[in-house]
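Please open the model in a viewer and set the side chains to a stick representation. The tour below moves through aromatic rings and the charges placed over them.

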Amino acid sequence: MTIDKSWTQIRKRSNSAVFWQGLQSFLQMAKPHVNDRGFIRCPCNRCINNVQHQLEVLETHIHRFGFMSDYNEWIYHGENVNAASSSNVPQPNSRVHDRDEMFEVLEDIISNDAELDQLGSQSSNVQYDDLFTALNSELYPGVSSFSSLNFLVKLMHLKVMNKWTNKSFDELLKLLKLAFPKMNLVESHYEAKKLMTKMGLGYQSIHVCKNDCALFWNENSTSETCPVCSESRWKMQAGRRTGKNVPHKVLRYFPLAPRLKSLFATSKTAKLMRWHRAGKSTDDNVMRHPVDGRAWKDFDKKHPVFADDVRNVQLGLAADGFNLFNNMSISYSMWPVVLTTYNLPPWLCMKPEYLMLSLLIPGPQSPGKDMDVFLRPLIEELKELWENGIDTRDAGNDRKVFKMRAALLWTVNDFPARSSLSG
C-alpha cells in the first residue's frame, strides 16, 4: 500500500488540516516501533533522525520545525522495517556526518525539558537551537569525524586542563580561522562561553558589597548602594565612578538543581543514585558508606517521608580557602564551596567528576563571620529543594517525572572553616 507523504511538503502547517491528518497517521504508524522507553528517532528538520524523543515530542517538533525533506523511506518509523537491517540503509544523519557523540550529551540535557513541550506552546527547548545548529554543522567541508560543537567542547576542555588564558584561547581561534578559512568555529572565547552556558555549564555572577555586608541579588539586584553600609556598588576613582561599571566583588554561583536533575537524565547514573538503599551494609558493626552511620539513620527516623523515596538526594558540603595558582606569596584567598552527593556508591561520591562546585567566594580575605552572606543563594535553593522539591525526569523509571527533594546532612571542614560556617 502506498503511503501518502505529500503532507510533509506543506509549509503553512499551522492551519492545515491535511498536514495535521498526515502527521497523526505518521504517529500511528510509528507507535508500534518505539523502544522500551517509549522513544523513537525524530525526523524533524532540527533533530534529523539523530535524536530520540517520545511521540508527544515528535508531534511538537514536526509541527514546529517541519519534516526533514530527504527522509523519503520511513525505515525507522514502520515503512519497510525489514530493510532497516540492510547494509544499504543510509545513516540517520546522511546530510552532515555519522552519529556524533555529542548527540547523546544533548539528549541527556534536553530530556528533562521534554515533558514541557506541548503542541502550540512555547518550547522550553528553543534555547538549544544554537547547540543543534552547531551539532549539525561540519567543522570543515569534507570532515565527518567532528561536528563544530564536538570540536569546540574538546577545545574548551583543553583550555581548562592546561590553564590557557582567555587571551591565548582567542589567539588560537584567530590562528585556526587564518589557517583554515572555511572552518565553522566561533570567533572568540566569549562566544564559546555563551554556547557552553546553554549546555548547563554556566554560572550566575552576583555582585557583593565591598565590606561583605550584602549581596546585590534578588530584592537588591538593582540597588546602586549597599542596603547595610550604603557603600557604592561600583569601584570609584577620586570619588567618581570609573568609565565602565566595575563591581567591588563578584560571587560566582553555580545553580544546584540543574545538576541534580542531570544525574537522573541517564539510566546509568539514575541507577547509581539508588545505591545508598540497595548497597548499604547489612552488618551493624560495619561502616563502608555514610548511609551505615548513626547520623544518617537518625535523619531517616526524624524524616520518614523524605527517606521513603530512595531518589531524594542526600548532600554534604565542604568549604575552605586557598591561594590562587599555588603561590603562597600572594595574600589573596578564594573560598570554593563544594557539594557531594552521598546517594552514590563510595567509589564514586568523592570522585572529582561527581563533586559539584556551588560557590566561588571572592577574597582577598576569608569571609569569616560574613560567610552567611555569601551562602545565601545556595541556602535559598536548598530550602526550595527541601520544602517543595523540583520536577525531575527519572531515566531509571521509564523517564517518569517525580518530585525530587534534597537535604544537606552535614559539612566537612577544618576548625577555622567550621568557625565561619557556624557563624
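**Aromatic pairs and ring-bound charges**

Across the whole structure, a search finds 17 aromatic pairs; rings of Phe, Tyr and Trp (its six-membered ring) pair if their centres lie within 6.5 Å, and planes under 30 degrees apart count as stacked, over 60 as edge-to-face and the rest as tilted. Select Trp-7 and Trp-74 to begin: their rings form an edge-to-face pair, 6.1 Å centre to centre with 65° between the planes. This pair links distant parts of the chain, 67 residues apart, with Trp-7 in the segment before α1 (17-30) and Trp-74 in the loop between α2 (55-65) and α3 (102-111). Helices are DSSP runs (H or I, at least four residues), numbered from the N terminus.

This is a predicted model, in which local features need pLDDT of at least 70 and side-chain atom pairs count only at pLDDT 80 or more, while totals for chains, interfaces and linings use all residues. Residues are numbered from 1 along each chain as its sequence is written, and side-chain values use heavy atoms, with hydrogens and water left out.

Keep Trp-74 selected and add Phe-26: the two form an edge-to-face pair, 5.0 Å centre to centre with 85° between the planes. Phe-26 lies in helix α1, 48 residues from Trp-74. Phe-26 is buried at a relative accessible area of 1%, and Trp-74 is buried at 2% (buried means under 20%, exposed over 50%, partly exposed in between; 1.4 Å probe, protein chains only).

Next, extend the selection to Trp-7, Phe-19, Phe-26, Phe-67, Tyr-71, Trp-74 and Tyr-76, which ring pairs link into a cluster. At Tyr-76, add Arg-41, whose charged end sits over the ring, 4.6 Å from its centre; this requires NZ of Lys or CZ of Arg within 6 Å of the ring centre and within 35 degrees of the ring normal. Finally, select Arg-405 and Trp-386, where the charged end of Arg-405 sits over the Trp-386 ring, 4.8 Å from its centre.

Definitions and conventions:
Helix = DSSP H or I, 4+ residues; strand = E, 2+ residues; numbered from the N terminus.
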